[in-house]
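Work through the exercises below with the sequence and the model side by side, trying each task before reading its solution.

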Amino acid sequence: MADWRPAVASDATAIAALARAELGDYGEAAELYAERIALAPDGCWVLVDEADTILGHCISHPWVRRAPPAMHTRLGTLPSRADCWYLHDVVVAPQARGTKAVERLLPILNAVAISRAIPTLALIAVGGADRYWSRQGFVATNGGAEGFGADAVYMERSA
């Protein structure tokens with residue numbers, strides 16, 4: 001079974017390739033993933049098999065509720081008064097689906113958010129993924145999804 005391990009800068013190229021393959025235009029450049037890993041290493045994880053092949057990733061970081069960063073842009077810095085832990089990308093390759101990988105990841109992200117006194121996890125679901133995220137306790141919330149496509153849904157849940 002694949003397990004989550006902390007992402008490191010050298011994973012950024014594989015993360016970007018997986019994101020592009022699974023997310024299409026929502027996938028971003030390796031340097032953007034590398035920046036997020038550097039800014040919030042405790043929020044960046046890769047799902048790997050026994051050979052350390054990346055089968056999934058989560059790029060997440062502190063941010064401000066209902067104001068997600070624009071796609072395809074560097075963050076520069078993290079906000080000093082973050083009030084949510086923003087799940088920027090969560091991707092699981094087809095061969096690792098059905099393993100409850102995300103269900104195993106969410107407690108890790110909850111613990112990170114709580115350790116930083118951040119009470120909320122947030123994300124933008126696209127392509128109908130809001131149904132999946134609803135089953136994980138996320139609730140559609142007004143605001144925050146502008147610029148992410150017509151089917152984008154901003155969602156939050158308590159950490």
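Two strands pair if DSSP finds at least two bridges between them, and the strands (E, at least two residues) and helices (H or I, at least four) are DSSP runs numbered from the N terminus. This is a predicted model, in which local features need pLDDT of at least 70 and side-chain atom pairs count only at pLDDT 80 or more, while totals for chains, interfaces and linings use all residues. Residues are numbered from 1 along each chain as its sequence is written, and side-chain values use heavy atoms, with hydrogens and water left out.

**Exercise 1. Establish the order of the strands in the sheet, and find which strands stand at its edges.**

Solution. Reading across the open sheet of 7 strands gives the order E1-E2-E3-E4-E5-E7-E6, with mixed pairing. Strand E1 (3-6) and strand E6 (139-140) each have a single partner strand, so one side of each lacks a neighbour in the sheet. Moving inward, E3 and E4 run antiparallel and are joined by 8 bridges, with isoleucine 59 standing opposite aspartate 89 in E4. Helix H2 (residues 30-39) packs on this sheet and touches E2, E3 and E4, where touching means heavy atoms within 4.5 Å. The direction of H2 makes about 60° with that of E3, the axes being lines fitted to C-alpha atoms (for helices over the stretch in contact) and the angles running from 0 to 180 degrees between N-to-C directions.

**Exercise 2. Describe how strand E5 is paired, and explain why it is largely enclosed.**

Solution. Begin with the partners: strand E4 (residues 84-92) pairs with E5 in the parallel sense over 3 bridges, and tyrosine 86 has alanine 122 of E5 as its bridge partner. Between these two strands the chain passes through helix H3 (residues 101-115), in a β-α-β crossover that is right-handed, meaning that, with the strands pointing away from the viewer, the path from the first strand over the helix to the second runs clockwise. Strand E7 (residues 153-158), by contrast, pairs with E5 in the antiparallel sense over 6 bridges, and serine 158 in E7 is the bridge partner of threonine 120. Next, consider burial (buried means under 20% relative accessible area, exposed over 50%, partly exposed in between, with a 1.4 Å probe and protein chains only). Thr120, Ala122 and Ile124 are buried on one side of E5, and Leu121, Leu123 and Ala125 are buried on the other. Because 6 of the 6 residues of E5 (residues 120-125) are buried, the strand is largely enclosed by the rest of the structure.

**Exercise 3. Decide why cysteine 44 and cysteine 58 are not bonded to each other.**

Solution. A disulfide is a pair of cysteine sulfur atoms within 2.5 Å, and a search of the whole structure finds 0 of them. For cysteine 44, the closest cysteine sulfur is that of cysteine 58, 7.1 Å away, which is too far for a bond. Cysteine 44 is buried at a relative accessible area of 0%, and cysteine 58 likewise counts as buried, at 0% relative accessibility.

**Exercise 4. Work out the surroundings of glutamine 136.**

Solution. Glutamine 136 lies in the loop between helix H4 (130-135) and E6, and is buried, with a relative accessible area of 13%. Not counting residues up to four places away in sequence, glutamine 136 touches Glu103, Leu106 and Arg157.
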